[in-house]
Amino acid sequence: FLYAPMLPRLLADHPQVCALRFERCGFSPDFCASLCTVLSKHAQLSTLVFRGSADGTYGKPHSLVSASKVGPLWSPAATAEGADEALAFLPTVLPPSVHTLHLEAGSISRAGVRGLSVALHRCTSLTSLSLAHGALRGPDLTPLFSLLQGAGVACALAELSLRSNKLGDAGARQLLEAVCSGARVGKCRLRGLDLASNQLTVGCVDDVCTLLSSLSTLQELDISR
């Protein structure tokens, strides 16, 4: 993203701006620091959208980011010792002003979902989350299932999109069981759930029926192919 220095000025001059969308961008460390600062100072920013490309890649080799940095935004980077360091791009604690977060089409790695889930356990203001088009499988989302079950704190999410991933019937069953568990203890109140294009078959019909009878807050469900 070539215009990181402009971001604070843009928001200072236009305080009505409440959403930022970045599509197929590469990011420098300076931009990442700038974004964290902007989020802490501009409470009107309630929506963040990061989207890669159709093939699931994010950023380009000729962008400001070094070749080693090009890749998913929310992905722990390996240190010289081989251990995972803190999340490289977005803050581990989302500011309470952010209500909508989209990390789509390659902007989050499978390992990054684990870090994101930690942040979500601390963020009770995020109501809409999209991880669409991420090639994610059931096991990749296990930390998110824990959140939906209401482990620790009530899940604030009202809308969740996992459209165009690779859950299959097994992954969908894990997800729906987690949602039902959270609903039974009053800690999951999803109103919208998008599971379209996840290789689902008639094998998940019973799980969907259980969801419909357990989650009284659900208003929209998409399981289309």
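**Close-up views of a predicted model**

**View 1. Strand E5 and its pairing with strand E6.** Strand E5 is joined to strand E6 (residues 128–130) by 3 bridges, and the two strands run parallel. The model shown here and in the views below is a predicted one. One of the bridges places His102 opposite Ser130, its partner in E6. Between E5 and E6 the chain passes through helix H3 (residues 110–122), and the resulting β-α-β crossover is right-handed.

**View 2. Strand E5 and its pairing with strand E2.** E5 also pairs with strand E2 (residues 47–51), again in the parallel sense, over 5 bridges. Arg51 has Glu104 of E5 as its bridge partner. E5 itself spans residues 100–104 and is mostly covered, with 4 of its 5 residues buried.

**View 3. The aromatic pair Phe22 and Phe50.** The structure contains 1 aromatic pair. Its members are Phe22 and Phe50, whose rings are stacked, with 5.4 Å centre to centre and 15° between the planes. The angle counts as stacked because it falls under the cut-off of 30 degrees. Phe22 belongs to strand E1 (residues 19–23) and Phe50 to strand E2, so the pair ties together parts of the chain that are 28 residues apart in sequence. Phe22 and Phe50 are both buried.

**View 4. The largest nonpolar core and the surroundings of Leu129.** The largest nonpolar core has 52 residues. Within this core, the residues with the most contacts are Leu129, Leu131, Leu148 and Leu175. Helix H5 (residues 168–184) gives the most to the core, contributing 7 residues. Which residues are in contact with Leu129, leaving aside its neighbours within four places in sequence? Leucines among them are Leu101, Leu116, Leu120, Leu144, Leu157 and Leu160. Glu159 and Ser161 are also in contact with Leu129. Of these partners, Leu101 lies within the residue range of strand E5, while Leu116 and Leu120 lie within that of helix H3. Leu129 itself falls within the range of strand E6.

**View 5. Stretches of low pLDDT.** The mean pLDDT of the protein chain is 78, and 77% of its residues reach 70 or more. Over residues 58–72 the pLDDT is below 50, and in the model this stretch has 34 contacts beyond near neighbours in sequence. A further stretch, residues 74–88, has pLDDT under 50 throughout. For residues 74–88 the model has 31 contacts beyond four places in sequence.

Definitions and conventions. Residues are numbered from 1 along each chain as its sequence is written. This is a predicted model: local features need pLDDT of at least 70, side-chain atom pairs count only at pLDDT 80 or more; totals for chains, interfaces and linings use all residues. Side-chain values use heavy atoms; hydrogens and water are left out. Buried means under 20% relative accessible area, exposed over 50%, partly exposed in between (1.4 Å probe, protein chains only). Two strands pair if DSSP finds at least two bridges between them. A crossover is right-handed if, with the strands pointing away from the viewer, the path from the first strand over the helix to the second runs clockwise. Rings of Phe, Tyr and Trp (its six-membered ring) pair if their centres lie within 6.5 Å; planes under 30 degrees apart count as stacked, over 60 as edge-to-face and the rest as tilted. pLDDT is the predictor's confidence in each residue, from 0 to 100. Contact means heavy atoms within 4.5 Å. A nonpolar core is a set of buried Ala, Val, Leu, Ile, Met, Phe, Trp, Tyr and Cys residues joined through side-chain atoms within 4.5 Å.
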